[in-house]
Amino acid sequence: MDLKNKLTPENLFFTFHEPPEAKYATNKPPIIFIHGILSTPYCWNKVKNKICVKTGRKAYAICLRNHGTSGWSEEFSVNHIVTDLKNFMMKENISKAILVSHSLGARAAITLALEEPEMVEKLIVEDMILTFDEDQSQAARKFISILKMAASSLKQYPPSMSEAVAQKRLQQLFCLSWSKKPNEKTNSRPITPILPFHKEKSGKFVWDVNVDALAGGLEDISSKFKIRLSDYLVYPGEAIFIGAEYSKFDVVNDKQVILKHFPNSKFSVAKGVYHSYHMEKPDEYAEEVAEFIGA
């Protein structure tokens with residue numbers, strides 16, 4: 001029996017947005033925004049409404065398992081996230097959707113498009129590729145080390161420390177997790193998302209993510225987040241793979257593999273971007289994605 005059939009889905013928290021009535025068409029498949037690891041559905045706030053208005057579509061921004069108030073589990077892998085996504089679409093009566101995805105969350109979007117192409121109208125992949133190499137494995141190991149260091153530090157912060165100061169200190173650790181330093185001299189630096197933790201009334205800092213499960217999934221990233229690339233798995237719909245100039249994920253170098261499984265793909269590279277195009281240059285991102293989706 002296929003092990004994926006035994007996976008238990010987790011219920012996902014989500015936000016919902018509907019464009020103005022005049023531009024809204026009920027027969028259009030909705031958009032589902034899928035964030036990356038250690039992020040939240042709110043990371044799309046600067047682009048979500050603009051894309052909805054320009055395309056006339058309603059949108060959902062889901063929160064991945066082991067993040068926020070979505071279900072938590074010891075399991076964290078691409079197949080588990082795909083199972084959650086399918087369950088979410090079934091519960092919301094969504095037969096087909098446009099997937100807008102980022103980073104590790106994009107591996108779930110890619111997998112769903114390959115294995116259930118009838119469920120995906122169009123696919124937008126931001127800063128993620130299909131294959132794995134040693135650079136990515138090394139980046140994952142570094143990320144785990146930083147995550148554990150941050151978790152340890154957060155436990156030791158005194159109640160007198162403000163949440164803003166704690167954020168600033170920990171954000172510095174994650175600054176270049178999935179990015180590389182530019183070759184040329186530049187004054188730019190990556191935008192580090194707000195890290196998911198909060199300060200309780202007691203003064204104790206608490207993570208809003210399941211740190212142990214996330215670290216466990218990344219420790220075996222080349223297996224747990226591997227995309228099955230059988231020759232017969234081909235997504236016939238339109239897709240766009242958007243890379244970032246300073247990212248460790250080389251979309252251009254992965255182009256031939258991508259085209260083999262996504263023959264109707266477009267490619268672009270966001271200049272001056274490190275890893276999170278939708279946060280670093282939200283206006284440009286919204287324009288590019290909305291144009292690809294179409295009205």
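Start by selecting E121: at 30% relative accessibility, this residue counts as partly exposed. Keep in mind as you go that you're looking at a predicted model.

Now add K96 to the selection. K96 and E121 form a salt bridge, with their closest N and O atoms 3.8 Å apart. K96 sits in the loop between α2 and β4 (97–102), while E121 belongs to strand β5 (residues 120–126), so the pair ties together parts that are 25 residues apart in sequence. Like its partner, K96 counts as partly exposed, at 31% relative accessibility.

Next stop: D84 and R65. Are these two buried or exposed? Both are buried. They make a salt bridge too, and here the closest N and O atoms are 2.7 Å apart. Look for D84 in helix α2 (residues 78–91) and R65 in the loop between β3 (59–62) and α2; the pair ties together parts 19 residues apart in sequence.

For a longer hop, pick E287 and K54. Their salt bridge has its closest N and O atoms 3.4 Å apart. This one links distant parts of the chain: E287 is in helix α10 (residues 282–293) and K54 in helix α1 (residues 45–55), 233 residues apart. E287 is partly exposed, with a relative accessible area of 42%, and K54 is partly exposed as well, at 43%. If you want to go hunting for others, the structure holds nine salt bridges.

Time to zoom out and colour by domain. Domain 1 covers 14–132 + 229–293, and domain 2 covers 134–218. The contact takes 24 residues from domain 1 and 28 residues from domain 2. Measure between the C-alpha centres of the two domains and you should get 23 Å.

Now for the place where they touch. Domain 1 and domain 2 bury about 2500 Å² between them, with 67% of that on carbon and sulfur atoms. Select L38, K248 and Y274: these lose the most area to domain 2 in domain 1, together 34% of what that side buries. How many salt bridges cross between the domains? The count is zero, though there are three residue pairs in polar contact. On the domain 1 side, α3 (103–115) and α9 (277–280) each supply at least two of the touching residues. By class, that side has eleven nonpolar, eight polar and five charged residues.

Last stop: helix α6 (residues 211–219). Its buried residues are V211, A213, L214, A215, G217 and L218. Show what surrounds them, and you'll find that their cover includes α3, α4 (134–156), β7 (205–207) and α7 (221–224).

Definitions and conventions. Residues numbered from 1 in each chain as written. Predicted model: local features only at pLDDT ≥ 70, side-chain atom pairs only at ≥ 80, totals over all residues. Heavy atoms only, no water. Domains from an automatic or database assignment. Contact = heavy atoms within 4.5 Å. Buried area = accessible area lost by both parts, 1.4 Å probe. Salt bridge = Lys/Arg side-chain N within 4 Å of Asp/Glu carboxyl O. Polar contact = N/O pair within 3.5 Å; in protein donor to acceptor, adjacent residues only side chain to side chain. Helix = DSSP H or I, 4+ residues; strand = E, 2+ residues; numbered from the N terminus. Nonpolar A, V, L, I, M, F, W, Y, C, P; charged D, E, K, R; others polar. Buried < 20%, exposed > 50% of the residue type's maximum accessible area, 1.4 Å probe, protein only.
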